[in-house]
Amino acid sequence: MEKLLAEALVRDVPDFPKPGILFKDITPVLQDYDALKQVIDKMTEQSRPLKVDAVVGIEARGFIFGAPLALELEVGFVPLRKLGKLPYNRLVEEYALEYGTNTVEIHTDSIKPGQRVLIVDDVLATGGTAAAAARLVERAGGQVAGLCFLIELDFLEGRKALEKYPIISLIHYQE
Ligand code: AMP
């Protein structure tokens, strides 16, 4: 497989947001038009066969890739947000983190019954966030057609939490 321009631009930031985490900083990818364009083109190419009716982006970095991808696929975009950010009627899903819990929400009327949905985020790590997003999409009446990430941290085995679904990830890290 051809190497993506983005691969050389992802920046490793140690101990962010807390000690022991090696943070994959995608901002240098976003700053580079050719790299960003190539990422959106690849995501479009690989997700088109899934024939989706909507794209759900996970706050916040999932919005950055999700909205242009939705435009390319000629479908609408739905934001999946952290607790307390969405103004209208919401479905709520809480999930466990290493320490504590996190909560994500989606508008009740954001997905039409039976719609095929693509869930988008920047990084697949343990898969907890993406699995919660998938549960919300299904509770909202949608069908998860697949998930799309720029980066997958293979060693965290996030795929195991998403076994039922096709997964697209453009850059893999083994450690
Ligand atoms: P998880 O639920 O463990 O799969 O974590 C996924 C979410 O946390 C995504 O929204 C990512 O943006 C973020 N995330 C987790 N680990 C990292 C990392 N090492 N670098 C950058 N973002 C991360």
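Two exercises with worked solutions follow, on a predicted model.

Residues are numbered from 1 along each chain as its sequence is written. Local features need pLDDT of at least 70, side-chain atom pairs count only at pLDDT 80 or more, and totals for chains, interfaces and linings use all residues, while side-chain values use heavy atoms, with hydrogens and water left out.

**Exercise 1. The sheet**

Work out the strand order of the open sheet, and find which strands stand at the edges.

Step 1. Take strands as DSSP runs (E, at least two residues), numbered from the N terminus. Pair two strands if DSSP finds at least two bridges between them.

Step 2. Read off the order: S5-S6-S4-S3-S7-S8-S9, seven strands with mixed pairing.

Step 3. S5 (90-96) and S9 (167-173) each have a single partner strand, so one side of each lacks a neighbour in the sheet.

Step 4. Check one pair. S7 (residues 116-124) and S8 (residues 143-153) run parallel, joined by eight bridges. Val123 stands opposite Ile151 in S8.

**Exercise 2. The ligand site**

Which residues come nearest to the ligand, and which atoms make polar contacts with it?

Step 1. Count a residue as near if one of its heavy atoms lies within 4 Å. Of the 13 residues around the ligand, the nearest are Arg61, Asp121, Asp122, Thr126 and Thr129.

Step 2. List polar contacts (pairs of N or O atoms within 3.5 Å). Each of these involves a ligand oxygen atom:
- Asp122, polar side-chain atom: 2.6 Å.
- Thr126, side-chain N or O atom: 2.5 Å.
- Gly127, polar backbone atom: 2.7 Å.

Note on methods: Helices (H or I, at least four residues) and strands (E, at least two) are DSSP runs, numbered from the N terminus. A polar contact is a pair of N or O atoms within 3.5 Å; within protein, one must be able to donate a hydrogen and the other to accept it, and residues adjacent in sequence count only if both atoms are side-chain atoms.
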